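Here is a friendly walk through one model, written for someone who likes to check geometry against coordinates. Please keep the viewer open while you read.

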Amino acid sequence: MLDNLQLFVDAPFLLIQVLLDGILFGAIFAIAAYGMALVWGVMNVINIVQGEFVMLGGFITFQLTLWGIHPLFGIPVAAAVLFVIGIALYYGVIRRVVDKDMFISLLATFGLSILLQQLMNQIWGGDVRTAQSGLGTWFLFDYTVTVGQIKVVACVGALILGLILIVFLKKSRLGQAIRATAQNPRAAQVLGINTDKVFAATYGINAALCGAAGSLVVMAYSVHPYIGLPYTVRSFMIVIVAGLGNLPGVILAGLGLGAAENFAAFILGAQFQVAFVFCLLIVILVVRNTLLRRKRKYLK
Amino acid sequence: MIRKLKQLGLATAALGLVLAGTADAKVEGDTVYLGSAISLTGKYSTNGEHTQRGYDLAVKLINEAGGIMVDGQDYMLDIIYYDDESTPARGAQLAERLINQDGVEFMLGPYSSGLTKAIAPVTEQYGVPMVEANGASLSLFTEGYQYLFAVLSTTEQYLASAVALAAEIAEAEGRDPSTLTLAAAFENDPFSQDIRNGVLADAEALGIKVVIDDQLPPELNDMAATLAKVKALKPDILVVSGHAKGATLAIRQMEEMRVDVPMLALTHCDSADIIGNFGEAAEYTLCASQWAPSLSYSDDLFGSAADFAATFEAEYGYAPPYQAAESAAAVMVFADAFERAGTFDKAAVRDALSETVMETFYGNIEFDETGKNIAKPMVLYQVQDGEYVVVAPTAWAASEVRWPTPPWADRQ
């Protein structure tokens with residue numbers, strides 16, 4: 001561990017490399033986390049099927065490349081297809097559990113995630129799939145620091161999507177309806193908002209975000225029917241760290257967590273990367289809880 | 001009335017026959033049934049299918065050649081399959097079912113070490129011989145199983161040839177192998193860790209210094225941190241194993257991050273299809289493999305290794321991965337043992353299996369007392385001009401190893 005720290009002193013460019021890799025990795029998680037924040041905040045559903053949506057977006061993009069279409073077109077296509085799938089799943093399944101106990105919706109989305117895994121496995125097989133974006137690498141500081149361009153696309157995409165989402169929620173009619181529903185579904189209903197439609201749109205938008213993220217994953221990393229779970233877990237963590245209903249916080253938490261875990265992997269070894277993230281989560285929850293408690297004291 | 005009773009009697013007798021049939025189905029008429037739980041759905045479905053096709057092709061060819069001669073009578077082979085859904089618990093359950101309900105007394109292995117580990121205790125308990133072709137984990141052969149036989153090389157040998165090759169090259173260059181440095185990145189699952197143990201033991205024996213020893217979490221889809229370290233420490237050899245995902249990530253991220261190492265050795269190159277996916281970037285990569293169509297082994301059934309590849313491709317429309325080749329070899333081992341045992345008695349067949357000495361298109365087969373094949377080495381491919389070419393061990397090398405891998409800056 002000390003050897004690894006020593007490396008930073010010997011080769012300071014590594015600091016930048018590790019930081020950049022982490023941030024760019026975190027950006028993709030941040031996109032999936034937007035969706036989770038939305039669904040959680042608006043519908044009070046923790047969407048376990050998040051990671052499978054991401055993988056499905058990746059597979060759709062992979063399918064496009066099989067048809068000779070450039071994978072970058074996969075980003076909007078996957079988002080559009082997933083939007084439709086999201087709406088369909090809402091009317092088929094989620095709608096029946098949305099006002100039930102959270103445990104029920106956990107079970108329902110968990111079931112969906114198994115279903116999607118098996119379907120993807122049936123359609124595309126159990127192989128690891130990737131798509132070539134054809135984008136190259138940027139070199140900084142005389143080849144010592146490298147930045148994959150596709151990861152930059154992912155990061156910029158995450159920022160843009162985040163911005164669009166924030167503006168959409170603030171300004172558009174549907175966005176306002178979504179926020180109203182999040183605050184109080186019953187009151188929103190009394191005021192004439194069709195909460196059923198709002199929920200459907202929310203779930204569709206979430207799936208579309210995941211689809212776009214998946215498209216980036218297949219170009220920058222790889223997809224496989226059974227490796228969706230980490231995306232679910234990371235989005236969950238990012239939302240917890242950012243705080244529910246704090247969309248600008250989501251992108252910051254996503255990038256920050258990405259960087260933190262990459263440093264952990266470098267210094268402690270890759271085997272501690274995930275453990276570190278979870279320890280960090282516990283620390284953040286404890287700190288947040290004490291801060292909140294202090295606030296409550298002042299309120300008295 | 002009497003007629004009806006007669007009919008009933010006949011029906012009962014027929015039913016009795018059927019029941020007797022299921023209770024003792026290992027040999028029905030002139031057909032011997034082997035059983036196998038295999039991953040036809042779930043995460044191993046691709047390789048499960050390769051395995052099944054290997055079994056089926058061998059059965060087909062053996063039957064076409066007149067079947068097997070046991071005690072002066074010809075028998076045909078057939079296999080009863082069940083889908084284990086890639087889950088060990090299901091695999092063990094199905095093994096029980098094959099043995100207890102279907103009366104199978106000879107088992108062919110499932111796909112993967114994990115499934116084999118789940119099934120081996122069951123076959124052992126019932127004294128049913130199992131010849132397996134896709135469970136390479138060394139830990140399968142430290143349990144003292146008497147009825148388990150494996151035709152493939154075990155995990156600790158997977159990348160040993162790569163380490164040996166690096167030492168060989170160093171010596172040829174007039175360099176002491178102990179001046180070499182090695183970086184290892186292995187997925188944190190039992191199979192990859194077995195390979196890691198083999199590599200580390202070999203490195204230690206040769207005095208090679210291990211500068212990085214990262215264990216990649218199975219759920220991880222990124223190895224940038226490990227590669228950044230490789231870039232800084234510049235080892236002579238980088239060894240990565242993490243199933244198809246590990247191979248995919250290694251090639252993709254090394255190209256992207258311009259990680260220069262003189263020698264890169266991987267496992268699972270073909271299942272990751274690194275040549276098809278990455279083209280140029282896959283060049284120079286060394287890959288461990290159980291078998292290659294270019295090897296000079298041959299037998300009377302399939303002919304040479306290349307003939308097997310041609311037969312397989314004609315039947316299924318794609319070149320056989322080694323998983324299919326070793327599976328076909330497992331069936332041949334059973335056929336050979338039946339003929340030598342001259343009976344379908346489980347214990348006698350088991351004893352015949354343990355005395356197997358065979359030359360097959362897949363390699364030589366001889367089991368040690370733990371049941372693993374000790375007569376066949378692993379081979380090492382190198383990606384050369386868009387093809388997998390065998391470069392080690394030297395006896396089968398079709399071409400010289402290309403070394404060192406030039407830096408990325410000179411490769412485009």
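In chain B, strand S10, helix H8 (residues 243-257) and strand S11 make a right-handed β-α-β unit. Before going further, please note that this is a predicted model.

**The parallel strands of chain B**

Let us start with the pairing around that unit. S10(B), residues 237-241, runs parallel to S11(B), and four bridges join these strands. S10(B) also pairs with strand S8 (residues 181-187) of chain B, again in the parallel sense, over five bridges. S11(B) in turn pairs with S12(B) in the parallel sense, here over two bridges.

Which residues are bridge partners? B:Val240 of S10(B) has B:Ala185 opposite, and B:Val240 also stands opposite B:Leu266 in S11(B). From B:Leu266 the path continues to B:Cys287, the bridge partner in S12(B). Another link between S10(B) and S11(B) is B:Val239 with B:Ala265.

How many of the five residues of S10(B) are buried? Five of the five are, and the strand is described as mostly covered. B:Ile237, B:Val239 and B:Ser241 point one way, while B:Leu238 and B:Val240 point the other way. S11(B), residues 263-266, has both faces covered as well. On one side of S11(B) are B:Met263 and B:Ala265, on the other B:Leu264 and B:Leu266, and all of these are buried. In a regular strand the side chains alternate between the two faces of the sheet, so residues two places apart point the same way.

**Helix H7 and what follows**

Helix H7 (residues 224-233) of chain B is mostly covered, with eight of its 10 residues buried. Among the buried residues are B:Ala224, B:Thr226, B:Leu227 and B:Val230, and the lysines B:Lys229 and B:Lys231 are on the list too. Just after H7(B), B:Lys234 takes a positive phi of about 45 degrees.

**Where the chains meet**

The contact takes 35 residues from chain B and 46 residues from chain A. About 3200 Å² is buried between the two chains, and carbon and sulfur atoms give 54% of that area. On the chain B side, B:Asn221, B:Arg252 and B:Glu256 lose the most area to chain A, together 20% of what that side buries.

A useful residue to click on is A:Thr146, found in strand S2 (residues 145-148) of chain A. Is A:Thr146 buried or exposed? A:Thr146 has a relative accessible area of 2%, so it counts as buried, the cut-off being under 20%. Leaving out residues up to four places away in sequence, A:Thr146 touches A:Gln17, A:Thr137, A:Trp138 and A:Phe139, and across the interface B:Lys231, B:Glu256, B:Met257 and B:Arg258.

**Rings and charges**

Over all chains, the structure holds 26 aromatic pairs. One of them is B:Tyr297 with B:Trp396, a tilted pair at 5.2 Å centre to centre with 45 degrees between the planes. This pair links distant parts of the chain, 99 residues apart: B:Tyr297 is in the loop between strands S12 (286-289) and S13 (298-299), and B:Trp396 is in the segment after strand S18 (387-392). B:Tyr297 is at 7% relative accessible area, and is therefore buried.

Another pair is B:Phe334 with B:Phe338, which is stacked at 5.5 Å centre to centre, with 20 degrees between the planes. Both residues lie in helix H12 (residues 322-341) of chain B, four residues apart, or about one turn of the helix. Both are buried.

There is also an aromatic cluster made of B:Trp291, B:Phe302, B:Phe308, B:Phe312, B:Tyr316, B:Tyr318 and B:Phe361.

Finally, two charged groups sit over rings, as listed here.

| Charged residue | Ring | Distance to ring centre |
|---|---|---|
| B:Lys229 | A:Phe266 | 5.6 Å |
| B:Arg411 | B:Trp408 | 4.0 Å |

The B:Lys229 entry joins a residue of chain B to a ring of chain A, and B:Lys229 is one of the buried residues of H7(B).

Technical notes: Residues are numbered from 1 along each chain as its sequence is written. Chains are lettered from A and ligands numbered from 1 in the order in which they are written. This is a predicted model: local features need pLDDT of at least 70, side-chain atom pairs count only at pLDDT 80 or more; totals for chains, interfaces and linings use all residues. Side-chain values use heavy atoms; hydrogens and water are left out. Rings of Phe, Tyr and Trp (its six-membered ring) pair if their centres lie within 6.5 Å; planes under 30 degrees apart count as stacked, over 60 as edge-to-face and the rest as tilted. Buried means under 20% relative accessible area, exposed over 50%, partly exposed in between (1.4 Å probe, protein chains only). A charge sits over a ring if NZ of Lys or CZ of Arg is within 6 Å of the ring centre and within 35 degrees of the ring normal. Two strands pair if DSSP finds at least two bridges between them. A crossover is right-handed if, with the strands pointing away from the viewer, the path from the first strand over the helix to the second runs clockwise. Contact means heavy atoms within 4.5 Å. Buried area is the accessible area (1.4 Å probe) that two parts lose on being put together, summed over both.
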